[in-house]
Amino acid sequence: MKKTYFAAMTAAAVTAFSAPAFPGNTLGTAFGGYDPVTYSQGAPEHGKAKFFHLWDGALWTFSSEENRDTFKADPAAYAPQFDAYCAWAASQGYKRPGDPNVTEMVDGKLYTFVHKGARDKWRADVAKHIADGEANWVRIEPF
């Protein structure tokens with residue numbers, strides 16, 4: 001009985017640490033398991049379960065202990081804007097999951113997009129879309 005219980009708990013823990021998640025899914029890993037610090041380093045990487053940090057109701061994973069500690073020191077500096085939801089959608093007043101593979105760094109901040117088409121639309125007037133997204137976010141974020 002104890003072996004079966006231990007095996008079930010181990011399987012649940014591994015699943016919780018390795019299952020990619022969409023924004024808002026606090027049962028999986030934040031940001032699809034990617035290490036957000038690596039985006040500012042120019043080479044996005046998946047995080048490893050052994051380097052994790054709980055922040056803002058989510059489990060974040062990192063490619064190294066150094067990146068985890070960097071994030072812990074100032075999470076807001078590295079976490080994707082709009083809680084990793086699509087920046088184009090936020091600028092239009094709604095939410096769509098962001099894709100960690102479709103991103104843009106602007107002034108040291110990381111933005112994600114649902115797909116490349118959304119990013120292309122957003123790039124047409126980045127400053128306006130950032131301002132619109134920030135203005136809309138206070139209204140759409142809780143939902």
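A nonpolar core is a set of buried Ala, Val, Leu, Ile, Met, Phe, Trp, Tyr and Cys residues joined through side-chain atoms within 4.5 Å. With that in hand, welcome to this predicted model, where the largest such core has 16 residues, and Tyr111, Phe113 and Trp122 touch the most other members. The protein chain has 143 residues, and buried residues make up 41% of them. Here is a tour, from the overall layout to a few individual residues.

**Overall layout**

- The secondary structure of the protein chain amounts to seven helices and six strands.
- Following the sequence, these elements appear in the pattern α-β-α-β-β-β-α-α-α-β-β-α-α.
- If we take the contacts between residues at least 6 apart in sequence, 49% of them join residues at least 24 apart.

**The largest nonpolar core**

- Of the 16 residues in this core, the ones that touch the most other members are Tyr111, Phe113 and Trp122.
- At least two residues of the core come from each of α5 (87-92), β5, β6 (109-113), α6 (116-123) and α7 (126-140).
- The element that gives the most is α5, with four residues.
- Apart from this core lies another, of 13 residues, and Phe31, Tyr34, Val37 and Ala84 are among them.
- Back in the largest core, what does Trp122 contact beyond its neighbours within four places in sequence? Its partners are Ala87, Trp88, Glu104, Val106, Tyr111, Phe113, His129 and Ile130.

**Glu104 and its surroundings**

- Glu104 sits in strand β5, which spans residues 99-106.
- Its side chain makes a polar contact with the side chain of Arg123, at 2.7 Å.
- Setting aside residues up to four places away in sequence, Glu104 touches Lys109, Leu110, Tyr111, Phe113, Arg119, Trp122 and Arg123.
- That list includes Tyr111, Phe113 and Trp122, the three residues that touch the most other members of the largest core.

**Where α6 meets α7**

- How do the axes of α6 and α7 cross? They come within 7 Å and cross at roughly 105°.
- Angles of 65 to 115 degrees count as roughly perpendicular, and α6 and α7 are therefore roughly perpendicular to each other.
- On the α6 side, the residues that meet α7 are Lys121, Trp122 and Arg123; on the α7 side, they meet Val126, His129 and Ile130.
- By class, this contact has three nonpolar, one polar and two charged residues.
- Two of the α6 residues have already come up: Trp122 is in contact with Glu104, and the side chain of Arg123 makes a polar contact with the side chain of Glu104.

**Two positive phi values**

- Most residues other than glycine have a negative phi, and that makes the next two worth a look.
- Ala84 has a phi near 70°, a positive value in a residue other than glycine.
- Ala84 lies in the loop between α4 (75-78) and α5, and it belongs to the core of 13 residues.
- Is Ala84 buried or exposed? Its relative accessibility is 8%, so Ala84 counts as buried.
- Asp107 also has a positive phi, near 50°, and lies in the loop between β5 and β6.
- Asp107 counts as exposed because its relative accessibility is 77%.

**Three more residues to find in the model**

- Gly133 is placed in helix α7, and its 0% relative accessibility is why it counts as buried.
- Not counting residues up to four places away in sequence, Gly133 touches Phe82, Ala90 and Ser91.
- Gly133 and Tyr94 are 39 residues apart in sequence, with 9.2 Å between them in space, C-alpha to C-alpha.
- Gly42 is in the loop between α2 (37-40) and β2 (45-46), and at 60% relative accessibility it counts as exposed.
- The C-alpha atoms of Gly42 and Met105 are separated by 9.6 Å, although the two residues are 63 residues apart along the chain.
- Asp69 belongs to helix α3, residues 65-73, and is partly exposed, with a relative accessible area of 36%.
- From Asp69 to His53 the distance is 8.8 Å, C-alpha to C-alpha, and the pair are 16 residues apart in sequence.

Note on methods
Residues are numbered from 1 along each chain as its sequence is written. This is a predicted model: local features need pLDDT of at least 70, side-chain atom pairs count only at pLDDT 80 or more; totals for chains, interfaces and linings use all residues. Side-chain values use heavy atoms; hydrogens and water are left out. A polar contact is a pair of N or O atoms within 3.5 Å; within protein, one must be able to donate a hydrogen and the other to accept it, and residues adjacent in sequence count only if both atoms are side-chain atoms. Contact means heavy atoms within 4.5 Å. Buried means under 20% relative accessible area, exposed over 50%, partly exposed in between (1.4 Å probe, protein chains only). Axes are lines fitted to C-alpha atoms, for helices over the stretch in contact, and angles run from 0 to 180 degrees between N-to-C directions. Angles under 35 degrees count as roughly parallel, over 145 as roughly antiparallel, 65 to 115 as roughly perpendicular and the rest as oblique. Ala, Val, Leu, Ile, Met, Phe, Trp, Tyr, Cys and Pro count as nonpolar, Asp, Glu, Lys and Arg as charged, and the others, Gly among them, as polar.
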